[in-house]
Amino acid sequence: MRRIGKLETISFITGFSLLTFELAAARILAPSIGSSTYVWTSVIGVIIAALACGFWVGGKLADKRDHETDVVWLLGAAGFMVLTTLIFYPNVLETVVEISNDVRLQGVAAAFVLFAPTSFLIGVTSPYLAKLNVRSLKTTGQHIASLDALNSIGGIVGTFLTGFVLFGYVGSRQTFVIVATLLIGVSWLIRPRYRLAERLTFTTVCLVIIATSLLTPNKTIDIDTASAHYQVRNYTYNQRPIVGLTTDPMGIQSGVFADGSSEPVFWYTRELARLTLDRKPNKILIVGGGAFTLPQYLADQLPESQIDVVEIDPGLKQISEQYFHYKNPRNVRLVFNDARAYLNQANHTYDAIIIDAYGNSSIPFQLITREYVEALEKNLAQDGVVMANIIAGTYGPCLEVLEGINAAYQSRFPYAYYSKETGQPDSRTNLIVLYSHTPSITPGMTSLQLQKQRPYTDNYAPAERLYYACEHV
């Protein structure tokens, strides 16, 4: 068996670094641009394009020069570009958002400026490694294949380690530091004494940049979990100071009053609480926990009711305890699972199901389909109700969002009633829609009458297209 040498090690590290960099890249875009499929498409597309250009340029250079020491500077430059991304990404994102309202253009522009240079340099490195690793025409395939295999294995390790471990324990900024350190560090495998003074100076400068970036305090509290990137910030809402949790640039997802009051902050939370307290259900399911402000409030008001909360991100429990007054009530059971998976597998009967999983800039496509509502109905008592917080509109581009989501629910629940916050525009706002099998007289709510359409299915549910049209209304 052939020994793994320095070139194979470098190939492994570059594969690891590229995939780790790609995952962290999408994370840092989320607070400013969002985390929709459009954003992921932009990041992946730009990085692959930059890699392709790097492969082509690298092949040309490797054939002309064939200098092993070129790899030293390519790896060092790639690591340095990761650090420049770490330093300048807040300013770049601020500029991109100001220039355009189109999330697709924002994603491509930000990815091109922030991520293309590093990806290009890693791409240039690959043909150099292949050229240096070939010793005989008879074994060309074997030597190139060994590099490709280790590069792919590095990418696999980077993907799983970052997604399953790193984001659960360190943030996106620290992940960039890890990538930069690996790239610069592995460059020392090539002729360590070559231009020693210059390389030591370069490495020292990079270490100073790393230390400075990690020690510089942020205006916001940035928290990465295995599922998402969150920001905790102080806001003023209706002339009262609050602590808010955000996951995208479109609004505050959860909040509590800074003075410790347990009163719900936002209208939609108060409305969901009102509708629930009017019915006093014994068993409640909440789909989408957020910072668990609604479960905490309902648990205090309905101490004899059992409240199950399905939330995909277990990291939110610690965030909620630390920043949002969550106290783990005895009558609240937290289930950390995908909502659809839970509904498919559960065999419970709830008197009320609250849906608070539709975001400001995106919605889970699997929660707007006929099959989803069928699974929902299976877990609802015959006289139970479903209450959904839907960000949409009753006319204009956002009406299509409401019609699409509503069609799925009304495929199983013939009666629908809604309310909206007073003074908010009908074009795009929070709508609380109540669905039931039987007519319901609910003060403050109006019968929802929409044009009938076929519900979306698991095979076709254009969630991204719907919300893209509605996003900037």
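## Strands and their pairing

Two strands are taken to pair if DSSP finds at least two bridges between them. With that in hand, let us walk through this model, which is a predicted one. Strand β9 (residues 380-392) and strand β11 (residues 429-436) meet that condition with eight bridges, in the antiparallel sense. Within β11, I432 is the residue that N389 faces.

On to β10 (residues 415-420), which also pairs with β11: six bridges link the two, again antiparallel. Here K420 stands opposite L431 of β11. How many residues of β11 are buried? Seven of the eight are, so this strand is mostly covered, buried meaning under 20% relative accessible area.

## The eight-stranded sheet

These strands belong to an open sheet of eight, whose order is β7-β6-β5-β8-β9-β11-β10-β12 and whose pairing is mixed. Which strands form its edges? They are β7 (332-336) and β12 (446-447), each of which has a pairing partner on one side only. For β12, the link to β10 consists of two bridges, with the strands running antiparallel. Y417 has S447 of β12 as its bridge partner.

Several helices accompany the strands. Helix α9 (residues 267-279) lies across β5 (283-287), β8 (350-355), β9, β10 and β11, and its direction makes an angle of about 20 degrees with β11. Helix α10 (residues 293-301) lies across β5, β6 (306-311), β7 and β8; relative to β6, α10 runs at about 175 degrees. Helix α13 (residues 370-378) has Y372, V373, A375, L376 and E377 buried. What do those buried residues pack against? Their partners are α12 (339-345), β8, β9 and α14 (399-410).

## Two hairpins in a row

Elsewhere in the chain, β1 (residues 221-224) and β2 (residues 229-237) run antiparallel and are joined by four bridges. I221 stands opposite V232 in β2. The two strands make a hairpin, with four residues between them.

Strand β2 also pairs with β3 (residues 240-246), this time through seven antiparallel bridges. Q231 faces T246 of β3. β2 and β3 form a hairpin too, with two residues between the strands, and N238 in that turn has a positive phi of about 55 degrees.

## Nonpolar cores

The largest nonpolar core holds 56 residues, and L29, V71 and F115 have the most contacts inside it. Two or more residues come from each of α1 (6-29), α2 (37-64), α3 (69-99), α4 (103-114), α5 (116-133), α6, α7 (172-186) and α8 (196-215). Which of these helices gives the most? The answer is α3, with twelve residues.

V71 deserves a look of its own. Setting aside neighbours within four places in sequence, V71 is in contact with I10, T125, Y128, L129, L132 and I190. Apart from this core lies another, of 43 residues, which include A346, L431, A463 and C470. L431 is a residue we have already met, as the one opposite K420.

## Two buried residues of helix α6

Helix α6 (residues 140-169) carries T162, and G158 is placed in α6 as well. An α-helix has 3.6 residues a turn, so residues three or four places apart point the same way. Is T162 buried or exposed? T162 counts as buried because its relative accessible area is 0%, under the 20% limit. The side chains of T162 and T20 share a polar contact of 3.1 Å. Beyond four places in sequence, T162 touches T20, L23, V157 and F167.

G158 is likewise buried, since its relative accessibility is 0% and the limit is 20%. Outside the four-place window, G158 touches F16, T20 and L23. The C-alpha atoms of G158 and S17 are 6.8 Å apart, although 141 residues separate the two in sequence.

## Cysteines

How many disulfides does the whole structure contain? The search finds zero. Two cysteines illustrate contrasting surroundings. C206 is buried because its relative accessibility is 1%, which is under 20%. C53 is partly exposed because its relative accessible area of 45% falls between the 20% and 50% limits.

How values were computed
Residues numbered from 1 in each chain as written. Predicted model: local features only at pLDDT ≥ 70, side-chain atom pairs only at ≥ 80, totals over all residues. Heavy atoms only, no water. Disulfide = S-S within 2.5 Å. Buried < 20%, exposed > 50% of the residue type's maximum accessible area, 1.4 Å probe, protein only. Polar contact = N/O pair within 3.5 Å; in protein donor to acceptor, adjacent residues only side chain to side chain. Contact = heavy atoms within 4.5 Å. Core = buried A, V, L, I, M, F, W, Y, C linked by side-chain atoms within 4.5 Å. Axes fitted to C-alpha atoms, helices over the stretch in contact; angles between N-to-C directions.
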